[in-house]
Amino acid sequence: MPGRFPRWTAVFAAACALTTAFAAPAAAAGVADHPVPTTGCGRPAGFPAGVTTTRHVTSGGLDREYTVHLPAHYRPWRPYPLVLSFHGHKRTSQYQEELSGFSALDAIAVYPQGLIGTDGESAWTGAPYSAAADDVRFTGDLLNQLQRTLCVDPGRIFAAGKSNGGGFVGVLACRLASRIAAFAPVSGAFYPQGGACHPSRPAPILDFHGTADTTIPYTGNPAKGLPAIPDWLAAWSTRDGCRPGPVSWSPVEGVVAQKWRGCALEHYRVEGAGHVWPSTRPNNDSATPTVIDATPVIWRFFRAHPLR
């Protein structure tokens, strides 16, 4: 068809210009905490779109596994947002895909697999039972591989996670705030083993937690070093330079939402909810639905907070 290929060329050129605009010098050592240019635009993905595929990457001398789902109509010249979704303690990438449902989005959905920790179960860095491997480095290496092979928008890389995976998302907010655009922990386990937190920029964070969570109590667990969720949020409001005191509202009955002014920090307190990924339908976490769906709220938050 006349004019077809010139139009595609223009689109691809725009995509390349976008990814190049985010280029930054490579760090001399450690994990890159800055936008990294994508070089995978215009290349075939090497695996089918519309289905979930298991892939591998080498990180820290270890073979690491993850699953990835491309949109059914994936086009290799169009830069896509990428969502990392981290499973909880004892869980798998497949479980997290079913739980979070990010594969239904017009985005590249990636579900990393945690290593077996000291208790014989899968886990992520930041928990007292995690393996000795550096999962922050794994995340950086994984993003590097994805950006070499897929058309990833480097300004729209996001991270969400449940429980120990949510706690690890908190670690990533502390360590990779200038590479990952926004973060969404759900029922997050914010253990002190996550280490000191000095983000390189104010990190957009959306947090979900149920008040009846007995695994990671909303009021904290001093014996395990787990903070009360309001205290964890207060610490982030200080790091992000928010104005004192959040504005509260109720999007639906049974949920109290909070938003801090002057920053991008939000919290959804789900009254009576347990250790779950909130959903108005039964899911892998619970046969009892909640009054709100976390995933679409998270996706709206992510779309509103690209790297700038």
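Helices (H or I, at least four residues) and strands (E, at least two) are DSSP runs, numbered from the N terminus, and two strands pair if DSSP finds at least two bridges between them. Residues are numbered from 1 along each chain as its sequence is written, and side-chain values use heavy atoms, with hydrogens and water left out. The model is predicted: local features need pLDDT of at least 70 and side-chain atom pairs count only at pLDDT 80 or more, while totals for chains, interfaces and linings use all residues.

**Exercise 1. Confidence**

Find out which stretch of the chain has pLDDT under 50.

*Solution.*
1. Recall that pLDDT is the predictor's confidence in each residue, from 0 to 100.
2. Begin with the whole chain: the average is 92, and 91% of the residues score at least 70.
3. Now look for the weak stretch: residues 1-29 stay under 50. For these residues the model has 29 contacts (heavy atoms within 4.5 Å) beyond four places in sequence.

**Exercise 2. The sheet**

Work out the strand order of the open sheet and name its edge strands.

*Solution.*
1. Follow the pairing across the 10 strands: the order is 1-2-4-3-7-8-9-12-11-10, with mixed pairing.
2. Pick out the strands that pair on one side only: these are strand 1 (52-59) and strand 10 (247-249).
3. Add the twist: neighbouring strands are turned by 20° against each other on average, direction ignored. The axes behind such angles are lines fitted to C-alpha atoms, for helices over the stretch in contact, and angles run from 0 to 180 degrees between N-to-C directions.
4. Place a helix on the sheet: helix 3 (residues 135-149) touches strand 1, strand 2 (62-69), strand 3 (80-86), strand 4 (108-112) and strand 7 (152-162), and its direction makes about 120° with that of strand 1.

**Exercise 3. Around strand 7**

Describe how strand 7 pairs with strand 3 and with strand 8, and give the hand of the crossover to strand 8.

*Solution.*
1. Take strand 3: six bridges join this strand to strand 7 in a parallel run, and S85 stands opposite A160.
2. Turn to strand 8 (residues 182-186): the pairing with strand 7 is parallel over five bridges, and K162 stands opposite V186.
3. Trace the connection: the chain goes from strand 7 through helix 4 (residues 164-175) to strand 8, a right-handed β-α-β crossover. Right-handed says that, with the strands pointing away from the viewer, the path from the first strand over the helix to the second runs clockwise.
4. Check the cover: 10 of the 11 residues of strand 7 are buried. Buried is under 20% relative accessible area, exposed over 50%, and partly exposed in between (1.4 Å probe, protein chains only).

**Exercise 4. T139 in its helix**

Is T139 buried or exposed, and which residues does this threonine touch?

*Solution.*
1. Locate the residue: T139 sits in helix 3.
2. Read the accessibility: because the relative value is 1%, T139 counts as buried.
3. List the neighbours more than four places away in sequence: L84, F86, F168, L172, L176 and I180.
4. Look for a polar contact (N or O atoms within 3.5 Å; within protein, one able to donate a hydrogen and the other to accept it, with residues adjacent in sequence counting only if both atoms are side-chain atoms). The side chain of T139 reaches the backbone oxygen of D135 at 2.8 Å.

**Exercise 5. Strand 12 and its partners**

Explain why strand 12 is described as largely enclosed, then find its bridge partners.

*Solution.*
1. Count the cover: five of the six residues of strand 12 are buried, so the rest of the structure largely encloses this strand.
2. On the side of strand 9 (205-210), six bridges make a parallel pair with strand 12, and G210 stands opposite V270.
3. With strand 11 (residues 255-259), strand 12 (residues 265-270) runs antiparallel over five bridges. Bridge partners here include K259 with E266 and Q258 with H267.
4. Inspect the turn: strand 11 and strand 12 form a hairpin with five residues between them, and G262 there has a positive phi of about 80°.

**Exercise 6. Positive phi**

Which residues other than glycine have a positive phi, and where do they lie?

*Solution.*
1. K90 has a phi of about 80° and belongs to the loop between strand 3 and helix 2 (93-100).
2. S187 has a phi near 50° and lies in the loop between strand 8 and strand 9. With 1% relative accessibility, S187 is buried.
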